[in-house]
Amino acid sequence: MLNRSVPSFFHGKASSERPFCADCESPMILSCLEPDKPGFDLRTYACLMCAATESIVVAVS
Ligand SMILES: [Zn+2]
């Protein structure tokens with residue numbers, strides 16, 4: 001008999017939160033992703049409707 005624990009299914013964090021444009025409330029797309037300080041990424045989102053951009057720093061785990 002196999003006596004080892006196997007995860008029944010793999011569920012990772014679905015942390016694909018996308019901001020909404022502050023001006024026109026359209027969903028923004030990820031236009032740039034670059035490393036920030038260790039353990040963090042700098043994500044730049046862009047709005048396709050009014051060309052506004054927003055940069056946020058997110059922790060990568
Ligand atoms: Zn916009």
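How many bridges join S1 to strand S2? The count is 6, and the two strands run antiparallel, with S2 covering residues 40-46. The legends below walk through a predicted model, view by view.

**View 1. The whole chain is built from strands.**
Here's the protein chain from end to end, with 0 helices and 3 strands. Reading along the sequence gives the pattern β-β-β. Of the 61 residues in the chain, buried ones make up 5%. If you look at contacts between residues at least 6 apart in sequence, 20% of them join residues at least 24 apart.

**View 2. How confident is the model, and where does pLDDT stay under 50?**
The mean pLDDT of the protein chain is 82, and 72% of the residues reach 70 or more. The stretch to treat with care is residues 6-15, where pLDDT stays under 50. For those residues the model has 0 contacts beyond four places in sequence.

**View 3. The three strands line up as an open sheet.**
The strand order is S1-S2-S3, and the pairing is antiparallel. Strand S1 (29-35) and strand S3 (53-59) are the edge strands, each pairing on one side only. On average, neighbouring strands of this sheet are turned by 25° against each other, direction ignored. A general point to keep in mind while looking: in a regular strand the side chains alternate between the two faces of the sheet.

**View 4. S1 meets S2 in a hairpin.**
Zoom in on the first pair and you can follow the 6 bridges between S1 and S2. Leu33 stands opposite Arg43 in S2, and Pro35 stands opposite Asp41 in S2. There are 4 residues between the two strands of this hairpin. In the turn sits Gly39, with a positive phi of about 90°.

**View 5. S2 also pairs with S3.**
Now for the other side of S2, where 7 bridges join it to S3, again running antiparallel. Thr44 stands opposite Ser55 in S3. Asp41 shows up here too, with Val58 as its bridge partner in S3. So Asp41 links up both ways, because Pro35 stands opposite it as well. S2 and S3 form a hairpin with 6 residues between them.**View 6. Ala51 sits in the turn between S2 and S3.**
This close-up takes in the loop between S2 and S3, where Ala51 lies. Its phi is near 65°, a positive value in a residue other than glycine. As a general rule, most residues other than glycine have a negative phi. Is Ala51 buried or exposed? Ala51 counts as exposed because it has 9 C-beta neighbours inside 10 Å, and the cut-off for exposed is 12 or fewer.

**View 7. Glu25 comes before the sheet starts.**
Glu25 is found in the segment before S1. Glu25 has a positive phi too, about 60°, although it is not a glycine. With 10 other C-beta atoms within 10 Å, Glu25 is exposed. Cys50 is 25 residues away from Glu25 along the chain, and their C-alpha atoms are separated by 10.0 Å.

**View 8. Glu34 and Val57 span the two edge strands.**
Glu34 belongs to strand S1. It counts as exposed, since 9 C-beta neighbours lie inside 10 Å. Glu34 and Val57 are 23 residues apart in sequence, and 9.7 Å separates them in space, C-alpha to C-alpha.

**View 9. S3 lies largely in the open.**
Why does S3 lie largely in the open? Of its 7 residues, the number buried is 0. S3 is also one of the edge strands, pairing on one side only.

Methods
Residues numbered from 1 in each chain as written. Predicted model: local features only at pLDDT ≥ 70, side-chain atom pairs only at ≥ 80, totals over all residues. pLDDT = per-residue confidence, 0-100. Contact = placed C-beta atoms within 7 Å. Pairing = 2+ DSSP bridges. Axes fitted to C-alpha atoms, helices over the stretch in contact; angles between N-to-C directions. Buried ≥ 20, exposed ≤ 12 C-beta atoms within 10 Å, placed from the backbone.
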